[in-house]
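Trainee: Could you take me slowly through a single part of this structure, and then show me how that part fits with its surroundings?

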Amino acid sequence: MAATLAATDDALMSTPSSPSRRDFLATTSRFAAASALVGPAFAGVHVGGRERIRVALVGCGGRGGGAATNALAVPGEHVEIVAAADVFAGKPAAVVEALQEQFGARVDVPKDRQFVGFDAYRVAMDCLRPGDVVVLTTPPAFRWVHFAYAIEKGLNVFMEKPVSVDGPSSKRMLALNEKAKAKGLKVGVGLMSRHNHGMQELKRRVDDGELGEILVMRGYRMHGPAAFFRSLKKPDGISEVMYQIQRFHSFLWASGGNFSDFNIHIIDHLCWMKGAFPKWAQGVGGRHYREGKEGLYVDQNFDSYGVEYTFDDGTKLFFDGRCIEGCDTNYASYAHGTKGVAVVSANGDCGLPSRIYRGQRMDPANMQWESNVPKPDQDPYQNEWNVLIAAIREDRPHNEVDAGVMTSLVTAMGRAAAHTGQEITLQQMLDGGQEFAPGVDTLTMDGPAPVLAGPDGRYPTPMPGQKGLREY
Ligand SMILES: NC(=O)c1ccc[n+]([C@@H]2O[C@H](COP(=O)([O-])OP(=O)(O)OC[C@H]3O[C@@H](n4cnc5c(N)ncnc54)[C@H](O)[C@@H]3O)[C@@H](O)[C@H]2O)c1
């Protein structure tokens, strides 16, 4: 594993290339071969003389619907959604209906290709041919389980971030990805900053030395409570495990908590700008408010974090995260070099425009460069799909998993440092990190849940200084 860490910085920090706007009318021989391997019956394989790419959706929530929309909107392409899987009844039908309204017959998912349950991902992927695409947009705890089956089936993959939540699941993903690479599978990871064309231009300028040497980077995600950041006691009418999956940001095993789920994009693009991953972290954090108007919050999250990451050359990355209403909102990122300072994300996870200023003051008079991205290229969620589908059509190498795992692990390292109150190294995370949900591939709807509430309904929270290197 040490070799993997050593190999990371150069290999994983290149700028992803945009697809050429070439005419895709010629069917690749790989696809022609794949069409002979059709599983379940479908009407006509070719449309307009060109192979359709079939897509199955695993995880039919907000991002699943968004990713499917991006897949269907790749310019000049013919993509179809043919199967949908989720653990909650009603979710596949809801996403299929919404997509059909926009894309009509290209969303060809009749009731008998809408699957529900913990094994639903398998039957959904069984509807695809090798070379088709599966979209993995469940909470990240299930990523390695679903990725393993996709590899077995020879499928190309789009998977959302984070791709792992702890050391052991990161190690497993890196090992699985060796198999994916050996099979030549194309795998996109939803760290979409890397497909933001303004940031790509900034990265080229940073690499060309316009900032000088980067010494310090700063990232902030501070806003009110969002998504399932906090949770009340489990109500009646839903099993323990399903409650935790439904509100996955509240549970460390399911998502890495709000620290991993919310902050990963900014940590990712700052590491990309630096061209390296940090080697250790220290951090602080706590939970100021455990009760609100709604009642007692029983989830596992802290509501504020401050993490200091250190790179091998001593460079620092400072990250502040906060989910408290009534405080200032600050959601942006910066890189300070010996010649100037860059606004990496102006607003949000990867908001345009990026900028470079001479010196360290961000005065308009000092602005040296500002990104200017044409409208059709401004959506990084669409760009990442355009690149993935082009790589599939052209049979070009495209695999973002190793970088996605490293970013997920670096994010988890900062979280673990804050949760334990200990300095944590990347190697420690990989080699000795706590595994949050060892049996995640065997969960059942009414079976035991990976974490249990105490008699007062509260789930175990991190207690810095009290539990060694365990986060709870
Ligand atoms: N790149 C981004 O900007 C971005 C934005 C939002 C979400 N995400 C990521 O996308 C993922 C999903 O987030 P979301 O906001 O769509 O959540 P969501 O709750 O809206 O959707 C997740 C869906 O997965 C289903 N699911 C859970 N476990 C499953 C399993 N084992 N098998 C099949 N289905 C299962 C849930 O029932 C739910 O319908 C997360 O990893 C999140 O971090 C990324």
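Mentor: Before we begin, one definition: two residues are in contact if their C-beta atoms, placed from the backbone, lie within 7 Å. Please keep in mind as well that this is a predicted model.

The part I have chosen is helix H12, which covers residues 380-394. At 1.5 Å a residue, its 15 residues should span 21 Å, and because the C-alpha atoms at its ends are 21 Å apart, the expected span and the model agree. The helix is mostly covered, for twelve of its 15 residues are buried, among them Trp-385, Val-387, Leu-388, Ile-389 and Ile-392, together with Asn-383, Glu-384 and Arg-393. These buried residues of H12 pack against strands S3 (53-58), S4 (79-86), S7 (156-159) and S8 (187-189), and also against helices H3 (62-72) and H8 (197-207). Just after H12, Asp-395 takes a positive phi of about 50 degrees.

Several of these neighbours lead us further. Helix H3 holds Thr-69, and with 18 other C-beta atoms within 10 Å this residue is partly exposed, because a buried residue would need 20 or more. Leaving aside residues up to four places away in sequence, Thr-69 touches Leu-99 and Gln-102, while the C-alpha atoms of Thr-69 and Ala-98, 29 residues apart along the chain, are separated by 9.8 Å.

Helix H3 also gives the most to the shell around the ligand, with three residues. Of the 27 residues around the ligand, Gly-59, Gly-61, Arg-63, Thr-138 and Glu-160 come nearest, and the elements that give two or more residues to that shell are H3, S4 and helix H5 (120-126). By class, the shell has 13 nonpolar, seven polar and seven charged residues, and it draws at least three residues from each of domain 1 (2-192 + 380-400) and domain 2 (195-374 + 409-442).

Finally, consider the largest nonpolar core, which has 124 residues and in which Val-55, Ala-56, Leu-57, Ala-124, Val-134, Val-135 and Val-157 have the most contacts. Helix H13 (residues 401-420) gives the most to this core, with eleven residues, and the core draws at least three residues from each of domain 1 and domain 2. If we again set aside residues up to four places away in sequence, Val-157 touches Val-133, Val-134, Leu-136, Phe-147, Ala-150, Leu-185 and Val-187.

How values were computed. Residues numbered from 1 in each chain as written. Predicted model: local features only at pLDDT ≥ 70, side-chain atom pairs only at ≥ 80, totals over all residues. Helix = DSSP H or I, 4+ residues; strand = E, 2+ residues; numbered from the N terminus. Expected span 1.5 Å × (residues − 1). Near = placed C-beta within 6 Å. Nonpolar A, V, L, I, M, F, W, Y, C, P; charged D, E, K, R; others polar. Domains from an automatic or database assignment. Core = buried A, V, L, I, M, F, W, Y, C linked by C-beta atoms within 7 Å.
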